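Okay, thanks for coming, everyone. I've got one structure to walk you through today, so let me put it up on the screen.

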Amino acid sequence: IFTGRRENVAKITSLDELPVIIHVKDLAEILSISLTSAYCLVRSGQVRTIRVGRRYLIPKQSLLTYLEK
């Protein structure tokens with residue numbers, strides 16, 4: 001269950017340890033890209049998201065699917 005609290009993804013050493021839902025800032029850190037580039041991936045639909053108000057939430061499976069491409 002998503003609690004709204006962000007875990008520090010910098011401490012994560014394996015994709016298995018990722019939370020079920022990540023934020024765009026986390027996506028940028030995981031992929032070692034800029035926040036702007038992460039938003040480009042999200043807005044282009046290359047990484048599937050769930051939109052909640054103005055926030056983009058990224059299911060872990062969406063990140064894994066993107067990495068498999």
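So, β1 and β3 run antiparallel to each other, and three bridges hold that pairing in the record of contacts. Keep in mind as we go that this is a predicted model. If you want a spot to look at, find Ile21, which stands opposite Pro59 in β3.

Now zoom out to the sheet. In what order do the three strands come? The order is β1-β3-β2, in an open sheet with antiparallel pairing. The edge strands are β1, residues 21-23, and β2, residues 50-52, and each of those pairs on one side only. From one strand to the next, the twist averages 40 degrees.

Next, the helices on that sheet. Helix α1, residues 24-31, packs on the sheet and touches β1 and β3, and its direction makes about 85 degrees with that of β1. Which residues of α1 are buried? Those are Val24, Asp26, Leu27 and Ala28. Yes, there's an aspartate in that list. As for what covers the buried residues of α1, the cover includes β1, α2, β3 and α3.

Right after α1 you run into Ser32. Its phi is near 55 degrees, which is a positive value in a residue other than glycine. Ser32 sits in the loop between α1 and α2. Buried or exposed, then, for Ser32? Exposed, because its relative accessible area is 67%, and the cut-off for exposed is over 50%.

Over to helix α3, residues 60-68. This one lies across β1 and β3, and runs at about 70 degrees to β3. In α3 the buried residues are Lys60, Ser62 and Leu63. They cover an arc of only 160 degrees around the axis, so they end up on the same side of α3. And what do the buried residues of α3 pack against? The answer is β1, α1 and β3.

Let me stay with Ser62 for a second, since this serine is in helix α3. Its relative accessible area is 5%, so Ser62 counts as buried. Leaving out residues up to four places away in sequence, Ser62 touches Val47 and Arg48.

Last stop, the aromatics. How many aromatic pairs does the count come to? One aromatic pair. The partners are Tyr39 and Tyr56, and they meet edge-to-face, at 6.1 Å centre to centre with 65 degrees between the planes. This pair links distant parts of the chain: Tyr39 is in helix α2, residues 35-43, while Tyr56 is in strand β3, residues 55-59, and the two are 17 residues apart.

The two tyrosines fall into separate burial classes, and the cut-off for buried is under 20%. Tyr56 has 16% relative accessibility, so it counts as buried. Tyr39 has a relative accessible area of 27%, so Tyr39 is partly exposed.

One more thing on Tyr56. The charged end of Arg51 sits over the ring of Tyr56, 4.4 Å from its centre. So if you rotate the view to Tyr56, look for both Tyr39 as its aromatic partner and the charged end of Arg51 over the ring.

That's my tour. Shout if you want me to go back to any part of the picture.

Terms used. Residues numbered from 1 in each chain as written. Predicted model: local features only at pLDDT ≥ 70, side-chain atom pairs only at ≥ 80, totals over all residues. Heavy atoms only, no water. Phe/Tyr/Trp six-rings, centres within 6.5 Å; stacked < 30°, edge-to-face > 60°. Helix = DSSP H or I, 4+ residues; strand = E, 2+ residues; numbered from the N terminus. Buried < 20%, exposed > 50% of the residue type's maximum accessible area, 1.4 Å probe, protein only. Lys NZ or Arg CZ within 6 Å of the ring centre and 35° of its normal. Pairing = 2+ DSSP bridges. Axes fitted to C-alpha atoms, helices over the stretch in contact; angles between N-to-C directions. Contact = heavy atoms within 4.5 Å. Arc of directions from axis to C-beta.
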